[in-house]
Amino acid sequence: MKKKILATLLATMMLLSGCGAKEDDTPKNTNANSNSSVDTDNTDTPFSLHGALSVDGADLVDENGEKFQLYGMSTHGIAWFPDYVNYDTFKYLRDEWGTNCIRLAMYTHENGGYGSDGDKEALKTLVKNGVDYATQLGMYVIIDWHVLNEKSPMVYIEESKDFFEEMSSLYKDYDNVIYEICNEPNSNANWSVIKEYANEIIPIIRNNDENSIVICGTPTWSQDIHRASAERLEFDNVMYALHFYAATHKDWLRNRMETCINEGLPVFISEFGICDASGNGNVDIEQANAWKDIIEKYNVSFMCWNLANKNEASSIIEFGCDKLYGWTDDELKEEGLWISEWFESEK
């Protein structure tokens, strides 16, 4: 049994410009950032109350064996929106919105991607900062190897091996750290390909950290969870990613999730939005509420995409708003208003 995390960690330096971020995409930091301080005002943090998590059948459970639900925001690509990897941002999401988890999305292929043309050390610094801030705040944190446009996780498997070896060695005593090993495999990356990849990456993590939660992506942009349900990975504490965008993915995917959960598959919605699958279409509140109902019915953990002010429907902050926390209703898009209301209802 790993010992619980000590509350006091020294925050490392924030990433400066030049990490591959697009100039137009990166907000200015208009809020004072207290990254050097540890939160001592709130002793009843999500982690202090629930401790190390594990998987029991289809359920995520806490250290007391009670069913537990993680929920929070996913960052956009940290190479493009580094300012949101921020102590004060995370604290606001915890205290005002009631979230208990943050997902750090590190793209592996696209502009500034870890496996392509990105600054690996700068990206790792951002990930480490994010883990430190979440840990200081007693929040859970997902390190997301964000496979997307390269389609197959095998494209950068050697880089993935090195990355997860380093991260799992560094965070082997951090019970709040969760590893998401491939975000959205797609196209020809079928379940056999994903299994081959997972069977190489998970043992690397397990060699350092025997009990951490690992989330594995599934085929077709993490929609084909039934493929995983039929042929599961042979590791403990593994969950399977399902992603949806409410205006595109409707009853058919909800029915698939329900079937898989009833088959005993531990499902984690590690990314979702309430617009269409492009990330920039019309919002569908009726379908979003239908997803909310089934998520609550089965106590499924969920992470909303995305914490940024990008000019697209799935970014929760209005384009042009530079604030990193303390947003008014006028500074949130429709998804931001909807998800903040849901989070606050969970407090």
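This passage describes strand pairing, helix α2, salt bridges and nonpolar cores in a predicted model.

Strand β3 covers residues 71–75. The strand is mostly covered, and 5 of its 5 residues are buried. Strand β3 is joined to strand β10, residues 301–307, by 5 bridges, and these two strands run parallel. Within this pairing, Y71 of β3 has F302 in β10 as its bridge partner. Strand β3 is also joined to β4, here by 3 bridges, and this pair runs parallel as well. M73 is matched with I102 in β4. Between β3 and β4 the chain passes through α2, and the resulting β-α-β crossover is right-handed.

Helix α2 spans residues 87–95. Of its 9 residues, 7 are buried, so that the helix counts as mostly covered. The buried residues are Y87, D88, T89, F90, Y92, L93 and R94. The elements that cover them include α1 (46–50), β3, β4, α3 and β10. Strands β3 and β4, which the crossover through α2 connects, are thus among the elements that cover the buried residues of this helix. At the start of α2, a side-chain oxygen of N86 comes to within 2.8 Å of the backbone nitrogen of D88.

The list of buried residues in α2 includes neither K91 nor D95. Each of these two has a relative accessible area of 23%, as computed for D95 and for K91. Because buried requires a value under 20% and exposed a value over 50%, both count as partly exposed. D95 and K91 form a salt bridge, in which the closest N and O atoms are 2.9 Å apart. The two residues are 4 places apart in α2, about one turn of the helix. In general, an α-helix has 3.6 residues a turn, so residues three or four places apart point the same way.

The whole structure contains 17 salt bridges. One of them links D144 and R103, with the closest N and O atoms 3.2 Å apart. D144 belongs to strand β5 (residues 140–146) and R103 to strand β4 (residues 101–107), so this pair ties together parts that lie 41 residues apart in sequence. Both D144 and R103 are buried. A further salt bridge links E166 and K124, whose closest N and O atoms are 2.8 Å apart. E166 is in helix α4 (residues 157–170) and K124 is in helix α3 (residues 120–136), so parts 42 residues apart in sequence are tied together by this pair. With a relative accessibility of 27%, E166 counts as partly exposed, whereas K124, at 7%, counts as buried. Salt bridges with shared partners also join R103, D144, E180 and E271 into one network.

The largest nonpolar core has 93 residues. Within this core, I181, M257, F272 and I339 touch the most other members. Helix α5 (residues 191–208) gives the most to the core, contributing 7 residues. When residues up to four places away in sequence are not counted, M257 touches I225, L242, V267, I269, W291, I294 and V300. Another core lies apart from the largest one and has 15 residues, including F68, L70, I215 and A241.

Definitions and conventions: Residues are numbered from 1 along each chain as its sequence is written. This is a predicted model: local features need pLDDT of at least 70, side-chain atom pairs count only at pLDDT 80 or more; totals for chains, interfaces and linings use all residues. Side-chain values use heavy atoms; hydrogens and water are left out. A salt bridge is a side-chain nitrogen of Lys or Arg within 4 Å of a carboxyl oxygen of Asp or Glu. Buried means under 20% relative accessible area, exposed over 50%, partly exposed in between (1.4 Å probe, protein chains only). Two strands pair if DSSP finds at least two bridges between them. A crossover is right-handed if, with the strands pointing away from the viewer, the path from the first strand over the helix to the second runs clockwise. A nonpolar core is a set of buried Ala, Val, Leu, Ile, Met, Phe, Trp, Tyr and Cys residues joined through side-chain atoms within 4.5 Å. Contact means heavy atoms within 4.5 Å. A polar contact is a pair of N or O atoms within 3.5 Å; within protein, one must be able to donate a hydrogen and the other to accept it, and residues adjacent in sequence count only if both atoms are side-chain atoms.
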